[in-house]
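Here is a set of exercises to work through with the model open beside you. Try each task before reading its solution.

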Amino acid sequence: MTKTLEKATFTVFGAKPKEALLVPEIPISVRNNCQAGQWTIGDTDYGSKCSMTILKFSKFFGSLGQTEHTLWGQIWFVAESGELPKGVVMVTYLKSRGLSDFNRLVASVQARGVEPATGIFVPEFTKHSGQKPDENGVVKPINYYSLKWSWQERTDWSVVEQAAAVLSDPSNLSRMIDLEGTRKMVCLDNLPPHEIACLMVAYAKGEEHSELMLNSGQDTALPPALTQVSA
């Protein structure tokens, strides 16, 4: 009598269900590398081409990497094309020209009576030239990149349906908080304009005082999901 061999099954991390999006336990932070004009995760480059569906956008003020005391746009997205991982919710940050152009694009789509998140966002690295002092203080020419944004209407709505399913699940929302990336930032989404103005003035007057303002503002700026968890 022959025995049928069965594969042992067990679960450690779990797997993404078919026709669904994965929201990792620890956020995958994607850097738009302005020096190389590449999308980067850790030390790995993922090319310069990408289109995306955006699930969430938030405004922050603070410091990230070598950029201090500035406005940031936080984007949670799923890559539709390009070399970045597919079917996975990731997070990236915009600043300066990239953020300004993104805001311009969103407003122009809204003005047409359309919700921008129903379409596909296409960021493109644009090359610029400038000057920057080196470690010895000698000013040298440099090249750098910023993101220029465009928007397309979609023909395949399956990702939108999957995104809606993600956003309707509180357990997914609780994982869409990047504590590491925003540890030196404060979220501006829930702050009234006068508090935002005070925060930025505090940073302009001195870093020591601004750190106090940053810490005092975090409780009022926590997203609802985080507030519920920490209550």
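**Exercise 1. The β4-β5 hairpin**

Task: Find how many residues lie between β4 and β5 in their hairpin, and which residue in the turn has a positive phi.

Solution. Start with the turn: β4 and β5 are separated by two residues, and the one with a positive phi, about 65°, is G65. Strands here are DSSP runs of E with at least two residues, helices are runs of H or I with at least four, and both are numbered from the N terminus. Next, follow the pairing, where two strands pair if DSSP finds at least two bridges between them. β4 (50-64) and β5 (67-82) run antiparallel and are joined by 13 bridges. Within this ladder, C50 faces G82 of β5. Then look at the other partner of β4: strand β9 (residues 185-187) is also antiparallel to β4, with three bridges. Here G62 lies opposite M185.

Before going further, note that this is a predicted model: local features need pLDDT of at least 70, side-chain atom pairs count only at pLDDT 80 or more, and totals for chains, interfaces and linings use all residues. Residues are numbered from 1 along each chain as its sequence is written, and side-chain values use heavy atoms, with hydrogens and water left out.

**Exercise 2. A three-stranded open sheet**

Task: Work out in which order the strands of the open sheet are arranged, and which strands stand at its edges.

Solution. The order is β1-β2-β3, with antiparallel pairing. β1 (31-33) and β3 (44-45) each have a single partner strand, so each is left with one side that has no neighbour in the sheet. For the β2-β3 pair, look for two antiparallel bridges, with β2 covering residues 38-41. One residue to find there is I41, whose bridge partner in β3 is T44. As background, strands of a sheet pair through backbone hydrogen bonds, either parallel or antiparallel.

**Exercise 3. What fills the interior**

Task: Identify which residues touch the most other members of the largest nonpolar core.

Solution. A nonpolar core is a set of buried Ala, Val, Leu, Ile, Met, Phe, Trp, Tyr and Cys residues joined through side-chain atoms within 4.5 Å. Buried means under 20% relative accessible area, exposed over 50%, and partly exposed in between (1.4 Å probe, protein chains only). The largest core has 23 residues, and those touching the most other members are M52, F77, L84, F121 and W149. Two or more residues come from each of β2, β4, β5, β6 (89-94), α1 (96-110), β7 (120-133) and β8 (139-152). The greatest share is from α1, which gives five residues.

Now take F121 as an example. Leaving out residues up to four places away in sequence, its contacts (heavy atoms within 4.5 Å) include M52, F102, L105 and W149. A second, separate core has 15 residues, among them V78, V89, Y93 and A163.

**Exercise 4. Buried or exposed?**

Task: Decide whether W76 is buried or exposed, and which residues it touches.

Solution. W76 belongs to strand β5. Its relative accessibility is 1%, so W76 counts as buried. Setting aside residues up to four places away in sequence, W76 touches residues including P27, I54, V91 and I177. Finally, compare sequence with space: W76 and S29 are 47 residues apart in sequence, with a C-alpha to C-alpha distance of 9.4 Å.

**Exercise 5. Positive phi outside glycine**

Task: Find where E19 and H69 are placed, and what their phi values are.

Solution. Most residues other than glycine have a negative phi, and most peptide bonds are trans. E19 sits in the segment before β1, and its phi is positive, about 55°. With 66% relative accessibility, E19 counts as exposed. H69 lies in strand β5 and has a positive phi near 55°. Its relative accessible area is 26%, so H69 is partly exposed.

**Exercise 6. Where to read with care**

Task: Identify the stretch in which pLDDT is below 50.

Solution. pLDDT is the predictor's confidence in each residue, from 0 to 100. The protein has a mean pLDDT of 86, and 87% of its residues reach 70 or more. The stretch to mark is 208-231, where pLDDT is below 50. Where pLDDT is low, the predicted coordinates should not be read in detail.
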